[in-house]
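Q: I am new to this structure and would like a close look at a single part of it. Please take me through how two helices are packed together, and then set that part in its surroundings.

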Amino acid sequence: MDLSPAVFRLLAPLPLAAVEGPARWALRAVLDRHPALLDRLGAHGEKRFAFLPDDLPFSFVVTPARRGLSVKRRGIARRADVEISGPFFLLLALLEGRIDGDAVFFSRQITVAGDTEAIVALRNAMDDSTLDLPTDLAAHAGPFAPLVRHGASAIRRRVLTPETR
Amino acid sequence: MELICPAGTPAAYREALEAGADAIYCGFADETNARNFPGLNFSRKEMAQAIELGRARGVRSFIAINTFMRAGDERIWYDAVDDAVALGADAVILADTGLMAYTAEKHPAQRLHVSVQAAASNPEAIAFLAEGFGAKRVVLPRVLTLDEVAALTRKSACETEVFVFGGLCVMAEGRCSLSSYATGKSPNMDGVCSPASHVRYRNDGDTLVSELGAYTINRFGPGEAAGYPTLCKGRFHIAEAEGYAFEDPVSLDILDQIDVLRAAGVKALKIEGRQRGKAYVAAVVSTIRKALAAPPQERAGLVASLRNLSEGQKTTSGAYEKRWR
């Protein structure tokens, strides 16, 4: 499921810090819960991975080993070793290993560019990590854990297709 | 017939287990196996855990040590075999006759399977491997027709295993040097056909361009399904024409011939795809498990959904029905 253009327009005026803060929090939550992800990435953990959701007005550049994340506005130049583009929720489903990366590449739903070794390593590391975003984010949410788990699970149920649930 | 399923990671192993595999094949994270991609494969500890998990569920684990030993570095391959035996592998899948000799001598009780990479494609070659090294099973190359598979299985000195679904190598496996020519790295010794280190994808407008080393492998137009950047499935300029000289970007599917393979005495059906994600493994293994139990007329409908997961979103019966140019 793609985000609607209305969401794109609603988010576009947001200050970058308002997006960067929660995104960094989510990255830390995932890396804290899945340290083995960095083991599989090996030296590629130092690379800069740019995620470019087609349906969001932002791009996200992640350096996993440094737990680094920066947000840029869509169309603004960014320095990255790898670029991965596709619909936002599809990228999240890939993150959780709910869909096969090669299959969505063959069907042209995602595009990749840059350091292919790093892309392959990231795909395999994520695939083995059994990420579950509602659980992972809730574990970092303190007293808001039930709210985060419930909210994230509800969104996921709504956006995933039957075959990826 | 047994269903032999791929796993490139422990997570994929668990999916294959849940989906109904009879045996799962996997490899160590180094050049001893022919799927030596970044972030893929098993550490020794992960392999031990996987074997234990499989054994508790009555599912066997095969370890693919199916590249060819590099002169002077044989110890890497010997250690892989020693460790596989110590970890309790139900079979080792080998391609190099030197490594088979080492295994037969050092670990005579270890069950040995002949990898597709060994390209054993006639009764004499199979008899040599069975008698010389005690091979119990041979994985047949994907260059044989169904009639040849049947004839070979009748005369085979050991069990035969046949690829039925997944990536399709159209060359004499273990002997192909196309990727080595383009990259300097060998599928057969480094374990990487079209190594990711030499692959580049770029977008030229709406066209996806795939490159291997200094060569453009393909240009996929807007909306056209893409494939892997392998030379054997590249698009070539030949004379005035442009097209696929060897094979299209396409995956193997001969699930409609299961009964023929069963009647021929084939012991095991193999699914390719250790480099694929766990979602692929779960979908393919569970679907094929259902297809094996279904009446023949229902199989095509069951497996049709797998086409969307395939390279080029197309499937072929390949050499089994030999229709290619």
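A: The axes spoken of here are lines fitted to C-alpha atoms, for helices over the stretch in contact, and angles run from 0 to 180 degrees between N-to-C directions. With that in mind, and remembering that this is a predicted model, we can turn to chain B, where helix H1 (residues 10–19) and helix H2 (residues 44–56) pack with their axes 10 Å apart and at an angle of about 10°. Because angles under 35 degrees count as roughly parallel, H1(B) is roughly parallel to H2(B). On the H1(B) side the contact is made by Pro10(B), Tyr13(B), Arg14(B) and Leu17(B), which meet Glu46(B), Ala50(B), Ile51(B), Leu53(B) and Gly54(B) in H2(B). Sorted by kind, the residues of this contact comprise 6 nonpolar, 1 polar and 2 charged.

Elsewhere in chain B, Met189(B) sits in the loop that runs between helix H7 (178–183) and strand E8 (199–204). Met189(B) counts as partly exposed, with a relative accessibility of 30%, and among the residues it touches are Glu31(B), Phe68(B) and Trp77(B).

Chain B also meets chain A, with 40 residues of chain B in contact with 28 residues of chain A. Between them the two chains bury about 2500 Å², of which 51% is on carbon and sulfur atoms, and Pro38(B), Tyr201(B) and Lys278(B) supply 24% of the area that chain B buries there, more than any other three residues. Across this interface 3 salt bridges are found, including one between Asp102(A) and Arg276(B), whose closest N and O atoms are 3.6 Å apart.

How values were computed: Residues are numbered from 1 along each chain as its sequence is written. Chains are lettered from A and ligands numbered from 1 in the order in which they are written. This is a predicted model: local features need pLDDT of at least 70, side-chain atom pairs count only at pLDDT 80 or more; totals for chains, interfaces and linings use all residues. Side-chain values use heavy atoms; hydrogens and water are left out. Helices (H or I, at least four residues) and strands (E, at least two) are DSSP runs, numbered from the N terminus. Buried means under 20% relative accessible area, exposed over 50%, partly exposed in between (1.4 Å probe, protein chains only). Contact means heavy atoms within 4.5 Å. Angles under 35 degrees count as roughly parallel, over 145 as roughly antiparallel, 65 to 115 as roughly perpendicular and the rest as oblique. Ala, Val, Leu, Ile, Met, Phe, Trp, Tyr, Cys and Pro count as nonpolar, Asp, Glu, Lys and Arg as charged, and the others, Gly among them, as polar. Buried area is the accessible area (1.4 Å probe) that two parts lose on being put together, summed over both. A salt bridge is a side-chain nitrogen of Lys or Arg within 4 Å of a carboxyl oxygen of Asp or Glu. Lists of a residue's contacts leave out its neighbours within four places in sequence.
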